[in-house]
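Here is a friendly walk through one charged cluster and the sheet around it. Have the coordinates open as you read.

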Amino acid sequence: MIVDRRQALTGLIAGAALSGAPAARAAARDAQTVIVADLRLPAVRRLTAGYRPARLIDLSAAHADLWREMRGFVPGGARVIGVTRWSDWIAVRGLLIERGLRVRAERPLAVARAFFWEMS
């Protein structure tokens, strides 16, 4: 795999955003944490590789299956963190608000064209 400068910067910035966030640090030890990620983005795949959340929801197939996994998701008191594109974040946020969760953090990752967010 050839990594260009943009992908390297994306990985560094996304990594810094997740590793510096209290929610991300807690995700490694919190069995009730759910990670929602767009695994089409190489930087996001690298970031989620080290986490062992209660559940990992991959949005890469969400458009093809009409968001079936997210529509069937019942939070049950879990904290949900994610790294997704803006358009996916809007869709996920709407679904999770309907299930009673509220936005706790939202931060753009400029180079990655992605957003780090947390809901609980």
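Asp 38 forms a salt bridge with Arg 85, and the closest N and O atoms of the pair are 3.4 Å apart. This contact brings together distant parts of the chain: Asp 38 sits in the loop between β1 (33-37) and α3 (42-48), Arg 85 sits in the loop between β3 (79-84) and α5 (86-98), and 47 residues separate the two. Please keep in mind that this is a predicted model.

How exposed are the two partners? Asp 38 has a relative accessibility of 0% and counts as buried, because the cut-off for buried is under 20%. Arg 85, at 32%, counts as partly exposed.

Asp 38 also has a second partner, as its side chain meets that of Arg 40 in a salt bridge of 2.8 Å, N to O. Arg 40 is partly exposed, with a relative accessible area of 34%. Arg 40 in turn forms a salt bridge with Asp 88, where the closest N and O atoms are 3.2 Å apart. Asp 88 lies in helix α5 and Arg 40 in the loop between β1 and α3, so this pair ties together parts that are 48 residues apart in sequence.

Through shared partners, the salt bridges join Asp 38, Arg 40, Arg 85 and Asp 88 into one network. The pairs of this network discussed here are set out below.

| Salt bridge | Closest N to O distance |
|---|---|
| Asp 38 and Arg 40 | 2.8 Å |
| Asp 88 and Arg 40 | 3.2 Å |
| Asp 38 and Arg 85 | 3.4 Å |

For the model as a whole, the count comes to 6 salt bridges.

Asp 88 deserves a visit of its own. Is this residue of helix α5 buried or exposed? Asp 88 is buried, with a relative accessible area of 2%. Leaving aside neighbours within four places in sequence, Asp 88 is in contact with Asp 38, Arg 40, Leu 59, His 63 and Trp 67.

Now for the sheet. It is open and built from 5 strands in the order β2-β1-β3-β5-β4, with mixed pairing. The edge strands are β2 (55-58) and β4, each of which pairs on one side only. On average, neighbouring strands of this sheet are turned by 10° against each other, direction ignored.

Further along that order, β3 pairs with strand β5 (residues 114-119) in the antiparallel sense, over 5 bridges. If you would like a residue pair to look up, Ile 81 has Glu 118 in β5 as its bridge partner. Helix α5, the home of Asp 88, lies across β1, β3, β4 and β5 and runs at about 15° to β5.

Finally, a word on confidence. The chain has a mean pLDDT of 78, and 72% of its residues reach 70 or more. Where is confidence lowest and where highest? The lowest mean, 52, belongs to helix α2 (residues 22-27), while the highest, 92, belongs to strand β4 (residues 103-109).

Methods
Residues numbered from 1 in each chain as written. Predicted model: local features only at pLDDT ≥ 70, side-chain atom pairs only at ≥ 80, totals over all residues. Heavy atoms only, no water. pLDDT = per-residue confidence, 0-100. Helix = DSSP H or I, 4+ residues; strand = E, 2+ residues; numbered from the N terminus. Salt bridge = Lys/Arg side-chain N within 4 Å of Asp/Glu carboxyl O. Buried < 20%, exposed > 50% of the residue type's maximum accessible area, 1.4 Å probe, protein only. Contact = heavy atoms within 4.5 Å. Pairing = 2+ DSSP bridges. Axes fitted to C-alpha atoms, helices over the stretch in contact; angles between N-to-C directions.
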